[in-house]
Amino acid sequence: MSEVSPQQVRDRALELIRHPDYLRLLGIAGLLGVPVSLVAFGFLAVLHAAEHQMWHTIPQHLFGGDQPPWWWPLPLLAVAGLGVGAVARWAPGHGGHTPVDGMGGPPPQPAELPWVLVAALLSLPLGAVLGPEAPLIAGGGGLALLAAHAFGVAPGSRRALIISGAGAAAAIAAIFGSPIVAAVLLIEMVQLSGAALSAVVIPCLLAAGVGAIVFTGLGLWSGLPIGSLTLPIPPGSVIRPDIADLLWALPVAVVAAVGIRLVRGLAKQLAPRVAARPLSATVLAALGVGVCASVYALLTGRSPAEVALSGQQTLAALAADPHAWPEAALVALVVFKGLGYALSLAALRGGPIFPAVSLGGILGVLAGPLPGFGAVPAMAAGMAAATVAMLPLPVSAVVLVVLLLGPLGFAMTPVVLIATVVAYMTEQLTEHGLNHSPLAP
């Protein structure tokens, strides 16, 4: 069988773009941005409400105080493990792929799609150290495939794959609050060029733009909290990094990359054992996450929710007042959240990005007091390094962290770029080692 050359790929893509059916494909992609964004909005609204009930309203009503008792994660995560284990054991599609496998995987089939969302709703609000991005991206792609069939697009065809990518793009735009992140993630994940890239990405960009408008409009119309990824960095923070910030970013990036690699390595060792005994092993892994959160609360006197959950709220609190956290609590948070993250990656259901960003930000706050190192550059370096170490897409990591930093993002770009490159190379070299250069004659 002869290999298809890049030129042949580009020629076929140009043929597709110039075909009259491509306009119909664009129209379908644009229409799909609406239902996907509706599903994403509903999912995130339910998730936010359930998380608030489980970790704030119910324990406050039962026990009083500002935070749940130290043992509170244990029953919640036992329920999460039992529910996810049952889905993984008996439901079609096993509730989607495990998060340690990254963001990829084929879109779920119609019979599998509901169980992807059910498994995520059993995991995320009950304390899994994961984010909502992977199940929503899978859900967006699966919903788009279902709709494509209604429009007469043949399953498994090139058009079906493009429409599935458009659904995933609309979900990404909703989750990360920006079509820009969706565009960059797709470009890096598709790994094509020229006309081939355009043929795939243009429908995805259209769906992402429509989805972002609908998602934002729903938030304004309903008044429901849709959240913002922009960190609440205090006014008056450092505006531009100096040479000391750039130099300190190097070791911070290495430490963050090695730490995330250790987490991923532990998760990859555990994942086959969980897959072999999905019910019992998932329950044990989920209880392990609960133990991590409970021990942290016992040792520090702080809320166990800082270890459990995705870490988005914890990261926002750190950014708002990084000096309010004792160093011992930050060290404990890194250790126990890292362990809980590894167990969640191996057994529960959700996305891998947000906890990695949070762990990188925590590491940055720990490194902030180093001589000449500012709190904001330190957080920027840690977040960028941890993100690219978990999600080996360097441009996507840069864009995401710059957007997270809000008004200071562009000023922090040199630190973000350096940390991203150093962490990416650290991850690649520790995993694959050095090879002979393909550029050598």
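**Exercise 1. Find which residues touch the most other members of the largest nonpolar core, and which helix gives this core its largest share.**

Start with the criterion: a nonpolar core is a set of buried Ala, Val, Leu, Ile, Met, Phe, Trp, Tyr and Cys residues joined through side-chain atoms within 4.5 Å. Buried means under 20% relative accessible area, exposed is over 50%, and partly exposed sits in between (1.4 Å probe, protein chains only). We're working on a predicted model, where local features need pLDDT of at least 70, side-chain atom pairs count only at pLDDT 80 or more, and totals for chains, interfaces and linings use all residues. Residues are numbered from 1 along each chain as its sequence is written, and side-chain values use heavy atoms, with hydrogens and water left out.

Now the result. The largest core has 122 residues, and Phe176, Tyr341 and Val416 touch the most other members. Helix α14 (residues 375-390) supplies the largest share of this core, 12 residues. Helices here are DSSP runs of H or I with at least four residues, strands are E runs of at least two, and both are numbered from the N terminus.

Next, zoom in on Tyr341. Skipping residues up to four places away in sequence, Tyr341 touches Val129, Leu130, Ile260, Val263, Pro352, Pro355, Ala356, Leu359 and Met390, where contact means heavy atoms within 4.5 Å.

Finally, don't miss the second, separate core: it has 12 residues, including Ala144, Ala160, Ile162 and Ala199.

**Exercise 2. Work out the helix and strand counts, the buried percentage and the share of contacts between residues 24 or more positions apart.**

Step one, secondary structure: the protein chain has 16 helices and 0 strands.

Step two, burial: 52% of the 441 residues are buried.

Step three, contacts: take those with a separation of 6 or more, and 79% of them join residues 24 or more positions apart.

Step four, surface: about 19300 Å² is exposed, with carbon and sulfur atoms supplying 69% of it. That area comes from the Shrake-Rupley method with a 1.4 Å probe, and for residues only the protein chains shown count as cover.

**Exercise 3. Locate the cavities of 30 Å³ or more and say what lines the largest and the second largest.**

Rolling a probe the size of a water molecule over the atoms shows where empty space is left. On a 1 Å grid over the protein atoms alone, a cavity is a set of points where a 1.4 Å probe fits but cannot get out, and lining residues have an atom within 4 Å of a point. Grid points are joined across faces, edges and corners, and a volume is the space filled by probe spheres set on the points.

The search gives 3 cavities of 30 Å³ or more. The largest holds about 80 Å³ of space, and its lining includes His97, Val116, Ala134, Ala138 and Arg349. Helix α5 (residues 133-150) brings the largest share of that lining, 3 residues. By class, the lining splits into 5 nonpolar, 5 polar and 1 charged. For these classes, Ala, Val, Leu, Ile, Met, Phe, Trp, Tyr, Cys and Pro are nonpolar, Asp, Glu, Lys and Arg are charged, and the others, Gly among them, are polar.

The second largest cavity has a volume of about 50 Å³. Among its lining residues are Val36, Leu117, Leu143 and Ala171. Two or more residues each come from α2 (20-63) and α5; α5 gives the most, with 4 residues. The class tally is 7 nonpolar, 2 polar and no charged residues.

**Exercise 4. Decide whether Ser358 and Ser396 are buried or exposed, and list their contacts.**

Ser358 lies in helix α13 (residues 353-367). Ser358 counts as buried because its relative accessibility is 3%. Beyond four places in sequence, Ser358 touches Ser310, Gly311, Gln312, Leu315 and Lys337.

Ser396 lies in helix α15 (residues 394-404). At a relative accessible area of 5%, Ser396 is buried too. With neighbours within four places set aside, Ser396 contacts Val184, Leu185 and Glu188.

**Exercise 5. Check phi for His94 and Leu309, and place each residue.**

Most residues other than glycine have a negative phi. His94 has a positive phi near 60 degrees; His94 is in the loop between α3 and α4 and counts as partly exposed at 45% relative accessibility. Leu309 also has a positive phi, about 70 degrees. Leu309 sits in the loop between α10 (278-300) and α11, and at 9% relative accessibility Leu309 is buried.

Technical notes: 1 Å grid on protein atoms, 1.4 Å probe; cavity = no way out; pocket = protein on both sides within 12 Å on 5 of 7 lines; lining within 4 Å.
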